[in-house]
Amino acid sequence: MPYPVDPSIAPKVAAFFDPETNTISYVVKDPGSASCAVIDSVMDIDYAAGRISYKSADVIIEYIQLNRLKVEWLIETHAHADHLSAAPYIQQRLGGKLGIGEHIVTVQETFGKVFNEGTEFRRDGSQFDRLFKDGDTYEIGGMTAFVMHTPGHTPACTTHVIGDAAFVGDTLFMPDGGTARADFPGGDAHVLFRSIRKVLETLPAQTRLFMCHDYAPNGREIRWETTVGEERKHNIHVRDGVSEDEFVTLRESRDKTLSMPRLIVPSLQVNIRAGHLPEPDASGKVFLKVPVNVL
């Protein structure tokens with residue numbers, strides 16, 4: 001077996017779609033116990049009003065409580081630029097350890113400069129409970145989860161393989177959606193291509209793949225689950241037979257047409273802090289910065 005998980009184990013996967021950010025969060029349950037992990041949760045923000053709320057996270061919490069599940073892990077596949085993480089809120093309510101890829105320290109250093117964070121902002125990843133290395137494993141009840149470092153969209157992107165399921169973050173979209181952009185600071189289309197091929201050529205064809213986002217191309221209904229085999233046959237950007245140079249040309253030309261995500265400014269300031277808001281000032285107020293002509 002090329003990776004240390006049992007593909008005969010089929011975890012129960014519950015998906016939660018957030019229409020404001022087109023994000024899909026997941027609760028992944030060990031079929032042999034009540035243990036679960038929460039992947040890529042969403043904290044709500046009314047950006048114009050500067051108001052934070054937890055409607056999306058409360059739906060996940062209610063599901064976990066109704067099903068009497070035990071949260072072992074709260075996983076971030078990367079530091080998201082399009083939504084704010086609710087992991088600390090869920091952790092406070094239900095427990096569990098918060099994990100992200102070890103290269104979050106690179107993202108913290110990059111965006112610590114972008115947002116002119118002071119020396120009090122730690123750039124060592126210590127806001128998280130665990131920093132995963134490529135090839136690391138962790139346990140969800142009786143299941144072993146396996147971490148693949150899959151950079152390109154960001155330096156800290158990871159894919160989490162749990163039984164017959166893999167959670168790819170923004171590395172891949174549904175076959176008719178292609179792939180995520182690679183033009184953020186630290187992104188690289190060549191690296192993204194290699195990461196995707198690593199996933200598609202390592203995992204069995206029947207492996208279930210779960211997306212972090214779907215934008216309903218051509219007006220179809222929202223979807224978030226496919227397989228390695230379907231991606232290899234039909235992905236419009238990286239199906240079998242597409243060369244690295246062809247992909248890079250396509251990806252870089254498309255990225256030049258894309259605007260910055262609507263919530264990139266608040267999202268990154270919060271997510272490099274593991275989902276926590278910046279520290280309040282002397283008056284007790286919390287502020288988010290808007291860098292001018294930087295992003």
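Helix α2, residues 87–94, makes a good place to start: Ala87, Pro88, Tyr89 and Ile90 are buried there, where buried means under 20% relative accessible area, exposed means over 50%, and partly exposed lies in between (1.4 Å probe, protein chains only). This is a predicted model, in which local features need pLDDT of at least 70 and side-chain atom pairs count only at pLDDT 80 or more, while totals for chains, interfaces and linings use all residues. Residues are numbered from 1 along each chain as its sequence is written, and side-chain values use heavy atoms, leaving out hydrogens and water.

**The chain as a whole**

- The protein chain holds seven helices and 14 strands; helices (H or I, at least four residues) and strands (E, at least two) are DSSP runs numbered from the N terminus.
- The radius of gyration of the protein chain is 18 Å, in agreement with the value near 19 Å for a compact globule of 295 residues. That radius is taken over C-alpha atoms, and the globule rule is 2.2 Å times the number of residues to the power 0.38.
- Along its principal axes, the C-alpha trace spans about 55 × 50 × 35 Å.
- Of the 295 residues, 53% count as buried.
- Among contacts with a separation of 6 or more, 66% come from residues 24 or more positions apart; contact means heavy atoms within 4.5 Å.

**Around helix α2**

- The cover over the buried residues of α2 includes β3 (35–39), α1 (55–66), β6 (70–75) and β7 (97–101).
- Just after α2, glycine 95 takes a positive phi of about 85°.

**The six-stranded sheet**

- Six strands form an open sheet with mixed pairing, in the order β9-β10-β11-β12-β13-β14. Two strands pair if DSSP finds at least two bridges between them.
- β9 (137–140) and β14 (225–227) are at the edges with a single partner strand each, so one side of each has no neighbour in the sheet.
- On average, neighbouring strands of this sheet are turned by 30° against each other, direction ignored. Axes here are lines fitted to C-alpha atoms, for helices over the stretch in contact, and angles run from 0 to 180 degrees between N-to-C directions.
- Strands β11 (residues 158–162) and β12 (residues 165–167) run antiparallel and are joined by three bridges. Histidine 160 has phenylalanine 167 in β12 as its bridge partner.
- Helix α4 (residues 189–202) packs on the sheet, where it touches β10 (143–149), β11 and β13 (208–210). The direction of α4 makes about 145° with that of β10.

**Aspartate 129**

- Aspartate 129 sits in the loop between α3 (104–114) and β8 (130–132), and is partly exposed with a relative accessible area of 47%.
- Apart from neighbours within four places in sequence, aspartate 129 is in contact with Gln91, Gly96, Lys97 and Leu98.
- The side chains of aspartate 129 and glutamine 91 share a polar contact of 2.9 Å. A polar contact is a pair of N or O atoms within 3.5 Å; within protein, one must be able to donate a hydrogen and the other to accept it, and residues adjacent in sequence count only if both atoms are side-chain atoms.
- The aspartate 129 side chain also reaches the backbone nitrogen of leucine 98, at 2.8 Å.
- Leucine 74 is 55 residues from aspartate 129 along the chain, and their C-alpha atoms are separated by 9.7 Å.

**Salt bridges**

- The count comes to 16 salt bridges, each being a side-chain nitrogen of Lys or Arg within 4 Å of a carboxyl oxygen of Asp or Glu.
- Arginine 197 and aspartate 240 form one of these, at 2.7 Å from N to O. Arginine 197 lies in helix α4 and aspartate 240 in the loop between α5 (228–234) and α6 (244–255), so the pair ties together parts 43 residues apart in sequence.
- Arginine 197 counts as buried at 12% relative accessibility, whereas aspartate 240 is partly exposed at 37%.
- A network of salt bridges links Arg197, Glu201, Arg232 and Asp240.
- Aspartate 183 meets arginine 181 in a salt bridge of 2.7 Å, N to O. Aspartate 183 is partly exposed at 34% relative accessibility, while arginine 181 is buried at 11%.
- Within helix α6, arginine 251 and aspartate 255 lie four residues apart, about one turn of the helix. Their salt bridge has its closest N and O atoms 2.8 Å apart, and both residues are buried.
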